[in-house]
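Student: I am new to this structure and would be grateful for a close look at one part of it. Please begin with a single loop residue and then lead me on to the place where the ligands are bound.

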Amino acid sequence: MTTEGFRVLDEKSLIEYIKATPSLASELGNEVENLKIKEVGDGNLNFVYIVISPSGSIVIKQAIPYVRCIGESWPLTKERSYFEATALKRQHGLSPKHVPEVYHFDRTMSVIGMQYIEPPHIILRKGLVAGVEYPLLAEHMAEFMANTLFYTSLLYLTTTQHKSAVAEFCANVELCRLTEQVVFSDPYKVSEFNRWTSPYLDSDAEAVRNDKVLKLEVAELKSKFCEKTQALIHGDLHTGSVMVTHESTQVIDPEFAFYGPMGFDVGAFIGNLFLAYFAQDGHADQGNDRKAYKAWIIDTVAETWNLFYKKFTSLWDIHKEGPGEAYLHEIYNDVELWELVKQKYMVDLFRDSLGFAAAKMIRRIVGVAHVEDFESITDPVKRADCERRALDFAKNLMKKRRTLNTITDVISTAL
Ligand code: ADP
Ligand code: SR1
Ligand code: MG
Ligand code: MG
């Protein structure tokens with residue numbers, strides 16, 4: 001396929017591409033004759049190659065002009081690559097320990113060359129399916145989210161800086177539209193793309209489509225997603241966008257990045273931890289009932305929120321006399337008022353996060369794109385049982401989120 005200088009790479013043509021691209025060749029120690037190349041893309045949208053030479057390694061990610069997991073019948077701009085590269089660079093700058101470095105970006109070819117996150121890193125979702133504990137996960141994710149969200153918000157930026165960044169990312173409109181469709185619309189109507197564990201969940205899916213209260217709530221969340229330009233969000237922060245070892249946490253794949261509500265990222269991560277939690281009974285066997293692992297996931301949910309709260313509000317305290325124009329120091333320079341301001345902001349963010357967590361859970365059970373947590377449960381009756389419990393939890397969470405004050409309140413509704 002060729003359009004205006006764009007061609008889809010394969011393992012063979014990628015070698016020529018690398019040879020002709022000094023910034024990539026140099027990361028490979030200029031040893032480009034005997035490269036080991038493997039396509040490892042397991043996501044829904046793009047092609048990803050690991051490239052290894054005797055003296056270096058890189059990852060090449062190419063966006064193609066359609067949704068990979070559906071095919072050419074679902075076109076999608078390859079310009080998403082520009083937003084991914086731009087967001088990766090920004091997020092690496094703000095959270096260098098948790099985001100890979102970008103070595104190269106080619107807008108015409110929609111190609112990003114980046115740091116290879118080497119084994120034993122694996123995709124977090126796979127670790128959660130396998131029942132592996134990651135003791136630093138909550139700390140690292142809280143740090144990534146606090147840094148990337150705080151420093152791109154009006155709590156830190158001037159309105160001039162913020163508006164210009166908002167304007168740049170407004171152009172990622174097609175990826176936002178995809179989310180609007182598959183997260184906030186399709187699960188609540190009849191859509192050719194929706195699927196679920198049928199026939200077991202047929203009436204559950206129908207109940208979602210007929211639930212008026214739920215539809216009112218999801219409308220509010222959709223409008224927040226479209227209208228609230230709070231910070232540069234990752235936009236697809238599920239457990240398949242995080243690579244982990246016991247010591248390291250790396251966030252990849254921010255192609256959906258734009259200025260949106262912070263709660264969409266916090267909620268995506270927490271909601272996907274809850275999906276992993278509800279899937280555990282489907283992975284239990286005689287050797288491991290997964291009870292201890294479920295408790296670890298729940299602790300990780302609590303720790304993620306609590307540490308995020310602590311880190312985010314402490315950044316805010318540090319920079320309270322800084323350039324951020326949302327809360328001018330001359331107006332809020334009063335101990336009591338300052339605490340009230342932070343408390344209100346964080347309660348709103350908490351409830352947004354819960355709403356988005358719920359929406360992200362529901363779409364993974366009755367929408368187009370499902371998750372390995374459930375898909376790897378081969379017995380459909382068991383899988384449907386796990387999915388139904390997750391769905392009921394998420395529906396309740398979306399409806400009751402305004403009455404929940406602490407993460408402990410949320411967790412008690414899951415147990
Ligand atoms: P998509 O946008 O299609 O979801 P991802 O960016 O999530 O693509 O990448 C797909 C897979 O490629 C990931 O699940 C991971 O296994 C692998 N991958 C992506 N980026 C890297 C990287 N920098 N280092 C190592 N593996 C990576
Ligand atoms: C067709 S929906 C594909 C999904 O995969 C991406 O990773 C996003 O989560 C998107 O919603
Ligand atoms: Mg991905
Ligand atoms: Mg992606």
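Tutor: **From a loop to the ligand sites**

Glu79 sits in the loop that runs between β7 (71-75) and α3 (80-94); helices (H or I, at least four residues) and strands (E, at least two) are DSSP runs numbered from the N terminus. The model is predicted, so local features need pLDDT of at least 70 and side-chain atom pairs count only at pLDDT 80 or more, whereas totals for chains, interfaces and linings use all residues. Residues are numbered from 1 along each chain as its sequence is written, chains are lettered from A and ligands numbered from 1 in the order in which they are written, and side-chain values use heavy atoms, with hydrogens and water left out.

Glu79 counts as partly exposed because its relative accessible area is 28%; buried means under 20%, exposed over 50%, and partly exposed in between, with a 1.4 Å probe and protein chains only. The side chain of Glu79 makes a polar contact of 2.6 Å with that of Arg107. Such a contact is a pair of N or O atoms within 3.5 Å; within protein, one must be able to donate a hydrogen and the other to accept it, and residues adjacent in sequence count only if both atoms are side-chain atoms. Glu79 and Ser110 are 31 residues apart along the chain, yet 6.7 Å separates their C-alpha atoms.

The largest pocket comes next. Its space is about 1,200 Å³. The residues that line this pocket number 49, and the closest to its centre are Asp42, Gly43, Asn44, Gly240 and Asp253. On a 1 Å grid over the protein atoms alone, a pocket is an open set of points with protein on both sides within 12 Å along at least five of seven lines, a cavity is a set where a 1.4 Å probe fits but cannot get out, and lining residues have an atom within 4 Å of a point. Points are joined across faces, edges and corners, and a volume is the space filled by probe spheres set on them. Among the elements that each supply at least two lining residues are β4 (47-53), β5 (56-62) and α13 (335-366), while α7 gives the most, with four. The lining of the largest pocket has 24 nonpolar, eleven polar and 14 charged residues; Ala, Val, Leu, Ile, Met, Phe, Trp, Tyr, Cys and Pro count as nonpolar, Asp, Glu, Lys and Arg as charged, and the others, Gly among them, as polar.

Two of the residues closest to the centre of the pocket, Asp42 and Asn44, also meet ligands. Ligand 1 is surrounded by 18 residues, of which Asp42, Asn46, Lys61, Ile117 and Glu255 are the closest; a residue is near a molecule if one of its heavy atoms lies within 4 Å of it. A side-chain N or O atom of Asp42 is 2.5 Å from an oxygen atom of ligand 1. For Asn46 the corresponding distance to an oxygen atom of ligand 1 is 2.7 Å, and a polar side-chain atom of Glu255 lies 2.7 Å from an oxygen atom of that ligand.

Around ligand 2 are Asn44, Val182, Asp236, His238, Phe256, Arg363, Arg364 and Val368. A polar side-chain atom of Asn44 lies 2.7 Å from an oxygen atom of ligand 2. Side-chain N or O atoms of Asp236 and Arg363 each lie 2.6 Å from an oxygen atom of ligand 2.

Glu255 also serves a metal. Together with Asp253, which gives two OD donors, Glu255 (OE) holds the list of protein donors to the magnesium ion (ligand 4), at 1.8 to 2.3 Å. Donors are N, O and S atoms within 2.8 Å of the metal (3.2 Å for Na, K and Ca), and water is not among the atoms, so sites may look incomplete. Asp253 coordinates a second ion as well, the magnesium ion (ligand 3), which is 3.6 Å from ligand 4.

Asp253 belongs to the loop between β13 (249-251) and β14 (258-260), and its phi is near 65 degrees, a positive value in a residue other than glycine. Asp253 counts as buried because its relative accessible area is 16%; Glu255 is likewise buried, at 2%.
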